[in-house]
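Student: I am new to this structure and would like a close look at a single part of it. Could you walk me through the place where the protein meets the RNA?

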Amino acid sequence: MPRICSPSFPRNESHHSPCHTMRWSNLLIPTLKEDPAEAEAASHRLMIRSGMVRQLAAGIYCYLPLGQRVLDRINTIIREEMNRIGGQEITLPALHPAELWQQTGRWDEIGEEMFRLKDRGKRDMCLGMTHEEVITWLAVKEIRSYREMPQIWYQIQVKFRDEARPKSGVLRTREFHMKDSYSLDADEEGLGRSYEFHKEAYARIFGRCGLKFYLVESDPGMMGGAGSHEFMAPSPAGEDEVVLCTSCGYAANIELASSKSPAPTFPPWSSLEELATPGTRSIEEVSNFLQIDPRLILKTLMVMTGEGPLLCLLRGDQLLDEKKLQRLVGPFRPAHRDEMKEIAGVEVGFLSPLGLELPRLADETVAEGVYVAGANREGYHVRGVVPGKHFSARYADIHHVQSGETCLQCGASLAVEPVIEVGNIFKLGTRYSTPFGAVYLDEKGQEHPIVMGSYGIGPARIAAAAIEQSHDQDGIIWPMSISPFPVHLLAVNVKDETMRTVGDELYRQFVAAGVEVLYDDRDERAGVKFKDADLLGIPYRVTVGSRAIREGQVEIRNRRTREDALVPIAETVPHVQALLTETEGS
RNA sequence: CGGGGCGUAGCGCAGCCUGGUAGCGCACUUGGUUCGGGACCAAGGGGUCGCCGGUUCAAAUCCGGCCGCCCCGACCA
């Protein structure tokens, strides 16, 4: 039901803007005094408390006016930067026929994560998780010649993924808005250009949104293709981790990052010696019992692969990186306790490569040195084990990077940091164009598949990441560029005739000057309004209160610094406008 | 999907162990006082205690099943 302009609506609005109000007393901004029980992450807590969003079901959110404003501002920045690199905005269906996804095989590859349904004619349909298929279909229909490329098409739309575990508020949802763009080029070189354009546009977008972010190498995963990067906003609420070298700039998603584990000083153990180590199963227990550095212990894990059992060897302080192992040996799972006993004849904790005729895969780190290993006999370990001499193995990088290890490129110390993935860019190549037959003719009349790229941004994640990176005990501190309003006008006591009049007049002036201002004209006590102002986190607060008004002044407070400036009432609007110009883009 | 927790008024919670048909704070309504950092007094409105079944004279409370939400892990094109 659309809002109708009528004399009775908006209720408190003057005749200057009959159908538009930025008066709090007329707006839906349901702030909460207390933290909602279900919210853990700072951004989740604050988005609910500030009345930006409400949850309808697990991973399904309503955006209320304040949240909508933030998304609008983010999307405006995205559109400006996408248009700047030649992107053209389009709108694509959210509902897709199954045949589209069957054509690339993803209908069967993707499991429960895809929302599927049938139409009344019992035809299989799905809700789009992403739009490579639709874009490629469109390219098949419309692109014939090399002359028609390059193209960059983008959309900002809702997408669906039936996430196994929606979490952290708006950070991981089942229905989400996403800016996706797709590039179509004649060859790899063209794709390289489109990719670089996107890399630059994305850096500008996240920069303009006030985010601190890293550009890191990423695992292309099932998207396939020649290369990919992710844009990562550091935050403790992030689900991903990146590995960073502060010295040479190496930056990668931890899923594919590599590192060197600094070697310990190896003792002069010259022969194999069996040691009684009763009851010591974990590395920590063995290390404590024998009073030796965990790095001198060999960790032996048994996993079950498609080819059968496999022993994985790591140094005591290292963790197995399951992604890396999976890339090497395919799907696997840890061996069960009884399986291990049956295959190796030994209890967990005393497993070792010595004398066991099983395939072995060792981390490269282990190739050097002399170690304590399990004895394949309960209650015993063996000292003096030299890999290569006492057992053989295939060597590869299978350890999970940990903070404090060193950079392979420059040797400096690496840091591991949790991050929110706010954007990704993929070189798709011809993975989608080939199955669809999306081809063009080159200048010699030769047919070639179109070379594609795909590039995503999550606007809601930008908002959440901005809050994660910029808040304090009292609430959000918005970057000016994506704040729901640039200015928060607050009349301390609307029952006071003078304050009310000055507040109304300043509001009118701001509106007339084209400055979007949230005017808190509610009949609430000052404390309530100040607390709410801090919670919403609008960069500048203009306070009309008894203190300054006697001197004909108002206070202008900076939310971030909490510094107040006294300004004559008549100069308020120009003064604020000057501040806004100054703060632009920050 | 594995592990854990929680579901009682709009929100945050107590009551459950030891059955006797529901309570606190905030919010909301009305009146009064107050009025620059989440006011006070008084009077009110609001709940099939997630759902279904069982035990019992009697169930928010005990038992069984189901559903939902959150957290950890797996997964995440």
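Tutor: Happy to! A residue is near a strand if one of its heavy atoms lies within 4 Å of it. Keep in mind that this is a predicted model. With that cut-off, 42 residues surround RNA strand B. The closest are Arg106, Ile110, Arg172, Arg525 and Asp534. Looking from the RNA side, sugar and phosphate account for 46% of the atoms of RNA strand B that come within 4 Å of the protein.

What kinds of residues make up this surface? Sorted by class, there are 22 charged, 13 nonpolar and seven polar residues near RNA strand B.

Now let us go to some individual side chains. Ser546 places a polar side-chain atom 3.0 Å from a base nitrogen of RNA strand B. Lys495 also approaches a base: a polar atom of its side chain lies 3.5 Å from a base oxygen of the strand. Arg547 has a polar side-chain atom 2.8 Å from an oxygen of RNA strand B that belongs to a sugar or linking group.

Which elements give two or more residues to this surface? They are β1 (53-57), α13 (526-536), α14 (546-549) and β30 (553-558). Among these, α13 supplies the largest share of the surface, seven residues.

Two of those elements, β1 and α13, lead us to a neighbour, because both are included in what covers the buried residues of helix α1. The cover of α1 also includes β2 (60-63), α11 (459-469), β25 (471-472) and β26 (475-476). How many residues of α1 are buried? Seven of the eight residues of this helix (residues 42-49) are buried, so α1 is largely enclosed by the rest of the structure. The buried ones are Ala42, Ser43, His44, Leu46, Met47, Ile48 and Arg49. After the helix comes Gly51, with a positive phi near 75°.

To place all this in the whole protein, the domain assignment of chain A gives domain 1 (57-93 + 129-242 + 416-465), domain 2 (273-396) and domain 3 (485-583). The C-alpha centres of domain 1 and domain 2 lie 42 Å apart.

To retrace the path in the structure, begin at Arg547, with its polar side-chain atom 2.8 Å from a sugar or linking oxygen of RNA strand B. Then find α13, which gives seven residues to the surface near the strand, and finish at α1, whose buried residues are covered in part by α13.

Terms used
Residues numbered from 1 in each chain as written. Chains lettered and ligands numbered in written order. Predicted model: local features only at pLDDT ≥ 70, side-chain atom pairs only at ≥ 80, totals over all residues. Heavy atoms only, no water. Domains from an automatic or database assignment. Polar contact = N/O pair within 3.5 Å; in protein donor to acceptor, adjacent residues only side chain to side chain. Helix = DSSP H or I, 4+ residues; strand = E, 2+ residues; numbered from the N terminus. Nonpolar A, V, L, I, M, F, W, Y, C, P; charged D, E, K, R; others polar. Buried < 20%, exposed > 50% of the residue type's maximum accessible area, 1.4 Å probe, protein only. Contact = heavy atoms within 4.5 Å.
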